[in-house]
Amino acid sequence: MGLDKTVDSTDEAVADIPEGASLAVGGFGLCGIPSALIAALLERGTGGFRVVSNNCGVDDWGLGLLLRAGRIARMTSSYVGENKEFARQYLSGELEVELVPQGTLAERLRAGGAGIPAFYTPAGAGTQIGQGGLPWRYGPDGQVAVASPPKETRTFGDREYLLEEGITTDYALVRATIGDRHGNLVFRSSARNFNPLAAMAGRVTVAEVEHLVEPGELDPDEVHLPGVFVQRVVQVFSGDPAAERRIERRCVRTEQEGGA
(Lines give C-alpha, C1' and ligand atoms only; values in the text may rest on other atoms or scores of the structure.)
Protein backbone atom coordinates (compact mmCIF):
# COMPACT_ATOMS: atom_id res chain seq x y z
CA MET A 1 0.00 0.00 0.00
CA GLY A 2 3.02 2.31 0.23
CA LEU A 3 2.94 5.26 2.59
CA ASP A 4 -0.71 6.12 1.97
CA LYS A 5 -2.47 3.78 4.38
CA THR A 6 -6.01 5.08 3.96
CA VAL A 7 -8.88 2.81 2.98
CA ASP A 8 -12.30 3.93 1.76
CA SER A 9 -14.60 2.33 4.32
CA THR A 10 -14.70 0.58 7.67
CA ASP A 11 -15.98 -2.54 5.89
CA GLU A 12 -12.89 -2.60 3.69
CA ALA A 13 -10.69 -1.94 6.72
CA VAL A 14 -11.82 -5.13 8.51
CA ALA A 15 -12.60 -7.29 5.46
CA ASP A 16 -9.70 -9.70 5.93
CA ILE A 17 -10.11 -10.31 9.67
CA PRO A 18 -10.80 -14.05 9.79
CA GLU A 19 -12.80 -16.30 12.07
CA GLY A 20 -10.99 -16.87 15.36
CA ALA A 21 -8.59 -13.93 15.04
CA SER A 22 -7.06 -12.32 18.10
CA LEU A 23 -7.86 -8.62 18.49
CA ALA A 24 -6.47 -5.84 20.68
CA VAL A 25 -9.14 -3.16 21.01
CA GLY A 26 -8.55 0.33 22.40
CA GLY A 27 -10.79 2.32 24.67
CA PHE A 28 -11.75 2.56 28.33
CA GLY A 29 -15.40 2.07 29.14
CA LEU A 30 -17.00 3.78 26.14
CA CYS A 31 -14.30 6.46 25.89
CA GLY A 32 -12.18 6.22 22.76
CA ILE A 33 -13.61 2.92 21.52
CA PRO A 34 -13.39 2.11 17.77
CA SER A 35 -17.17 1.80 17.54
CA ALA A 36 -17.39 2.11 13.74
CA LEU A 37 -14.84 -0.67 13.19
CA ILE A 38 -16.64 -2.85 15.73
CA ALA A 39 -19.94 -2.25 13.90
CA ALA A 40 -18.32 -3.19 10.58
CA LEU A 41 -16.95 -6.38 12.10
CA LEU A 42 -20.39 -7.21 13.51
CA GLU A 43 -21.91 -6.71 10.05
CA ARG A 44 -19.46 -9.15 8.45
CA GLY A 45 -20.64 -12.03 10.61
CA THR A 46 -17.27 -13.52 11.55
CA GLY A 47 -16.67 -14.57 15.13
CA GLY A 48 -14.75 -16.78 17.52
CA PHE A 49 -12.62 -13.75 18.36
CA ARG A 50 -10.08 -13.73 21.17
CA VAL A 51 -10.22 -10.13 22.35
CA VAL A 52 -7.81 -8.18 24.54
CA SER A 53 -9.37 -4.96 25.82
CA ASN A 54 -9.68 -3.18 29.14
CA ASN A 55 -13.39 -4.05 29.24
CA CYS A 56 -16.11 -5.39 26.96
CA GLY A 57 -18.28 -2.35 26.37
CA VAL A 58 -21.85 -2.35 27.66
CA ASP A 59 -24.81 -4.50 26.71
CA ASP A 60 -25.84 -2.42 23.71
CA TRP A 61 -22.65 -0.68 22.54
CA GLY A 62 -19.02 -1.26 21.69
CA LEU A 63 -17.64 -4.75 22.12
CA GLY A 64 -20.89 -5.61 23.90
CA LEU A 65 -22.52 -5.84 20.45
CA LEU A 66 -20.09 -8.56 19.35
CA LEU A 67 -20.50 -10.31 22.68
CA ARG A 68 -24.30 -10.30 22.50
CA ALA A 69 -24.11 -11.79 18.99
CA GLY A 70 -21.92 -14.64 20.28
CA ARG A 71 -18.88 -13.53 18.29
CA ILE A 72 -16.37 -13.45 21.16
CA ALA A 73 -14.87 -16.69 22.44
CA ARG A 74 -12.34 -15.30 24.90
CA MET A 75 -11.75 -11.98 26.70
CA THR A 76 -8.58 -10.74 28.35
CA SER A 77 -9.66 -7.72 30.41
CA SER A 78 -9.17 -5.86 33.66
CA TYR A 79 -12.78 -4.82 34.30
CA VAL A 80 -16.11 -6.23 33.17
CA GLY A 81 -18.64 -4.90 35.67
CA GLU A 82 -20.89 -2.88 33.34
CA ASN A 83 -22.05 -5.74 31.13
CA LYS A 84 -24.73 -8.16 32.37
CA GLU A 85 -24.51 -10.31 29.24
CA PHE A 86 -20.80 -10.71 29.87
CA ALA A 87 -21.48 -12.06 33.36
CA ARG A 88 -24.17 -14.40 32.04
CA GLN A 89 -21.95 -15.89 29.31
CA TYR A 90 -19.00 -16.27 31.68
CA LEU A 91 -20.95 -18.00 34.44
CA SER A 92 -22.73 -20.29 31.97
CA GLY A 93 -19.49 -21.44 30.38
CA GLU A 94 -20.05 -19.76 27.00
CA LEU A 95 -17.15 -17.34 27.39
CA GLU A 96 -13.56 -17.77 28.55
CA VAL A 97 -12.25 -14.86 30.62
CA GLU A 98 -8.76 -13.95 31.78
CA LEU A 99 -8.85 -11.09 34.29
CA VAL A 100 -5.61 -9.11 34.51
CA PRO A 101 -4.67 -6.22 36.83
CA GLN A 102 -5.14 -3.02 34.85
CA GLY A 103 -1.56 -1.79 34.98
CA THR A 104 -0.30 -5.27 34.12
CA LEU A 105 -2.62 -5.42 31.11
CA ALA A 106 -1.35 -2.05 29.88
CA GLU A 107 2.27 -3.14 30.24
CA ARG A 108 1.66 -6.52 28.60
CA LEU A 109 0.29 -4.72 25.52
CA ARG A 110 3.13 -2.21 25.48
CA ALA A 111 5.74 -4.93 25.97
CA GLY A 112 4.31 -7.02 23.14
CA GLY A 113 4.39 -4.02 20.83
CA ALA A 114 7.98 -3.25 21.82
CA GLY A 115 9.15 -6.81 21.19
CA ILE A 116 9.63 -7.63 24.89
CA PRO A 117 8.48 -11.22 25.49
CA ALA A 118 8.00 -10.97 29.27
CA PHE A 119 8.68 -8.84 32.33
CA TYR A 120 8.51 -9.04 36.11
CA THR A 121 5.94 -7.10 38.15
CA PRO A 122 4.96 -7.10 41.84
CA ALA A 123 1.27 -6.73 40.96
CA GLY A 124 -0.58 -9.88 41.97
CA ALA A 125 2.33 -11.47 43.83
CA GLY A 126 1.14 -13.49 46.81
CA THR A 127 -2.40 -13.73 45.42
CA GLN A 128 -4.28 -16.25 43.31
CA ILE A 129 -3.13 -14.37 40.22
CA GLY A 130 0.34 -15.73 40.88
CA GLN A 131 -0.71 -19.02 42.48
CA GLY A 132 -3.07 -20.00 39.68
CA GLY A 133 -6.50 -21.56 39.90
CA LEU A 134 -8.59 -18.56 38.83
CA PRO A 135 -11.59 -19.77 36.79
CA TRP A 136 -11.07 -18.90 33.12
CA ARG A 137 -14.00 -20.99 31.92
CA TYR A 138 -16.85 -22.79 33.65
CA GLY A 139 -18.37 -26.05 32.50
CA PRO A 140 -22.09 -26.74 32.00
CA ASP A 141 -22.22 -28.17 35.52
CA GLY A 142 -20.95 -24.94 37.07
CA GLN A 143 -17.56 -26.42 37.90
CA VAL A 144 -14.31 -24.81 36.75
CA ALA A 145 -13.38 -26.30 33.36
CA VAL A 146 -10.28 -24.18 32.64
CA ALA A 147 -8.24 -22.53 35.38
CA SER A 148 -5.33 -20.10 35.22
CA PRO A 149 -1.88 -21.67 35.53
CA PRO A 150 0.58 -20.61 38.24
CA LYS A 151 3.03 -17.91 37.23
CA GLU A 152 6.80 -18.03 37.53
CA THR A 153 8.04 -15.96 40.48
CA ARG A 154 11.35 -14.40 41.41
CA THR A 155 12.57 -12.34 44.32
CA PHE A 156 14.37 -9.05 43.74
CA GLY A 157 15.66 -7.51 46.93
CA ASP A 158 13.08 -8.52 49.52
CA ARG A 159 10.06 -8.46 47.22
CA GLU A 160 8.38 -11.17 45.17
CA TYR A 161 7.62 -10.54 41.49
CA LEU A 162 5.54 -12.39 38.89
CA LEU A 163 6.64 -13.08 35.34
CA GLU A 164 4.03 -11.73 32.92
CA GLU A 165 4.12 -12.32 29.16
CA GLY A 166 3.82 -9.55 26.58
CA ILE A 167 0.72 -9.59 24.39
CA THR A 168 0.64 -9.49 20.60
CA THR A 169 -2.50 -9.99 18.52
CA ASP A 170 -3.36 -10.66 14.90
CA TYR A 171 -5.15 -7.31 14.57
CA ALA A 172 -5.71 -4.15 16.58
CA LEU A 173 -8.66 -1.75 16.33
CA VAL A 174 -8.24 1.78 17.69
CA ARG A 175 -9.82 5.22 17.45
CA ALA A 176 -7.98 8.55 17.16
CA THR A 177 -9.12 12.15 16.88
CA ILE A 178 -6.64 13.03 14.13
CA GLY A 179 -4.64 10.86 11.77
CA ASP A 180 -2.67 11.45 8.61
CA ARG A 181 -2.33 9.22 5.57
CA HIS A 182 0.92 7.79 6.92
CA GLY A 183 -0.83 6.50 10.03
CA ASN A 184 0.49 9.03 12.55
CA LEU A 185 -2.18 9.44 15.23
CA VAL A 186 -3.28 12.03 17.78
CA PHE A 187 -5.70 11.12 20.57
CA ARG A 188 -7.88 13.56 22.52
CA SER A 189 -7.50 13.78 26.30
CA SER A 190 -8.65 10.63 28.11
CA ALA A 191 -9.55 8.91 24.83
CA ARG A 192 -5.83 8.21 24.59
CA ASN A 193 -6.22 5.53 27.34
CA PHE A 194 -5.49 2.04 25.95
CA ASN A 195 -5.47 3.07 22.28
CA PRO A 196 -1.69 3.53 21.73
CA LEU A 197 -0.95 0.32 23.65
CA ALA A 198 -3.49 -1.74 21.69
CA ALA A 199 -2.17 -0.29 18.43
CA MET A 200 1.38 -1.32 19.31
CA ALA A 201 0.33 -4.89 20.10
CA GLY A 202 -1.43 -5.60 16.78
CA ARG A 203 0.44 -7.14 13.87
CA VAL A 204 -2.07 -5.33 11.63
CA THR A 205 -3.45 -2.18 13.23
CA VAL A 206 -6.54 -0.44 11.88
CA ALA A 207 -7.28 3.12 13.06
CA GLU A 208 -10.57 4.95 12.64
CA VAL A 209 -9.95 8.70 12.73
CA GLU A 210 -12.37 11.61 13.10
CA HIS A 211 -10.18 14.05 11.16
CA LEU A 212 -7.92 12.97 8.31
CA VAL A 213 -5.06 15.32 7.43
CA GLU A 214 -2.30 15.28 4.87
CA PRO A 215 1.26 14.19 5.71
CA GLY A 216 3.24 17.08 7.15
CA GLU A 217 0.24 18.82 8.72
CA LEU A 218 0.87 17.26 12.12
CA ASP A 219 3.64 18.72 14.25
CA PRO A 220 5.89 15.73 15.10
CA ASP A 221 5.82 16.79 18.75
CA GLU A 222 2.01 16.40 18.77
CA VAL A 223 1.99 12.81 17.49
CA HIS A 224 1.03 10.31 20.20
CA LEU A 225 1.57 7.20 18.07
CA PRO A 226 3.88 7.08 15.04
CA GLY A 227 2.63 5.55 11.82
CA VAL A 228 5.10 2.65 12.01
CA PHE A 229 2.55 0.94 14.28
CA VAL A 230 -0.44 1.53 11.96
CA GLN A 231 -1.24 -0.32 8.73
CA ARG A 232 -4.69 1.08 7.83
CA VAL A 233 -6.47 4.39 8.39
CA VAL A 234 -10.16 5.01 7.74
CA GLN A 235 -12.02 8.26 8.33
CA VAL A 236 -15.30 8.22 10.22
CA PHE A 237 -17.81 11.04 10.29
CA SER A 238 -19.89 12.57 13.07
CA GLY A 239 -23.14 11.88 11.22
CA ASP A 240 -22.48 8.13 11.16
CA PRO A 241 -24.49 6.46 13.97
CA ALA A 242 -21.78 3.80 14.31
CA ALA A 243 -19.21 6.50 15.08
CA GLU A 244 -21.28 8.11 17.83
CA ARG A 245 -19.51 9.07 21.03
CA ARG A 246 -21.66 7.68 23.83
CA ILE A 247 -21.51 8.60 27.51
CA GLU A 248 -21.45 5.54 29.73
CA ARG A 249 -23.23 7.18 32.67
CA ARG A 250 -24.82 10.58 32.23
CA CYS A 251 -25.01 12.46 35.53
CA VAL A 252 -26.67 15.84 36.09
CA ARG A 253 -27.55 17.81 39.18
CA THR A 254 -31.17 18.21 40.18
CA GLU A 255 -32.78 21.62 40.64
CA GLN A 256 -32.76 21.00 44.39
CA GLU A 257 -29.00 20.58 44.23
CA GLY A 258 -28.64 23.96 42.55
CA GLY A 259 -28.18 22.92 38.95
CA ALA A 260 -30.20 22.37 35.83
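**Exercise 1.** In this predicted model, decide whether R175 counts as buried or exposed, and work out which parts of the chain its salt bridge with E208 ties together.

*Solution.* Begin with accessibility: the cut-off for a buried residue is under 20% relative accessible area, and R175, at 8%, therefore counts as buried. E208 has a relative accessibility of 0%, so E208 counts as buried too. Next, consider the contact itself, in which the side chains of R175 and E208 form a salt bridge with an N to O distance of 3.3 Å. Finally, place the two residues: R175 belongs to strand β10 (residues 169–180) and E208 to strand β12 (residues 202–213), so the pair ties together parts 33 residues apart in sequence.

**Exercise 2.** Find the salt-bridge partner of R181, and state how accessible each of the two residues is.

*Solution.* The partner is E214, with the closest N and O atoms 3.0 Å apart. This pair links distant parts of the chain, since R181 sits in the loop between β10 and β11 (185–186), while E214 sits in the loop between β12 and β13 (232–235). As for accessibility, R181 is partly exposed at a relative accessible area of 24%, and E214 is likewise partly exposed, at 37%.

**Exercise 3.** Explain which residue forms a salt bridge with E98, and which network this pair belongs to.

*Solution.* E98 forms its salt bridge with R108, the closest N and O atoms being 3.2 Å apart. E98 lies in strand β4 (residues 96–99) and R108 in helix α5, 10 residues apart, and both residues are buried. Through shared partners, salt bridges join R74, E96, E98, R108 and R137 into one network.

**Exercise 4.** Determine what surrounds R71, a buried residue that has no salt bridge.

*Solution.* First locate R71, which is found in the loop between α3 (63–68) and β3 (72–77). Then look for an opposite charge: the nearest such side chain, that of E19, is 7.4 Å away, whereas the salt-bridge cut-off is within 4 Å. Turning to the backbone, a polar atom of the R71 side chain lies 2.9 Å from the backbone oxygen of L42. Beyond its neighbours within four places in sequence, R71 is in contact with several residues, including L41, L42, F49 and L66.

**Exercise 5.** Give the strand order of the open three-stranded sheet, and explain why β5 and β8 stand at its edges.

*Solution.* The order is β5-β9-β8, with antiparallel pairing. β5 (118–121) and β8 (153–156) each have a single partner strand, so one side of each is left without a neighbour in the sheet. Neighbouring strands here are turned by 35° against each other on average, direction ignored.

Key. Residues numbered from 1 in each chain as written. Predicted model: local features only at pLDDT ≥ 70, side-chain atom pairs only at ≥ 80, totals over all residues. Heavy atoms only, no water. Helix = DSSP H or I, 4+ residues; strand = E, 2+ residues; numbered from the N terminus. Buried < 20%, exposed > 50% of the residue type's maximum accessible area, 1.4 Å probe, protein only. Lys, Arg positive; Asp, Glu negative; His and termini not counted. Polar contact = N/O pair within 3.5 Å; in protein donor to acceptor, adjacent residues only side chain to side chain. Contact = heavy atoms within 4.5 Å. Pairing = 2+ DSSP bridges. Axes fitted to C-alpha atoms, helices over the stretch in contact; angles between N-to-C directions.
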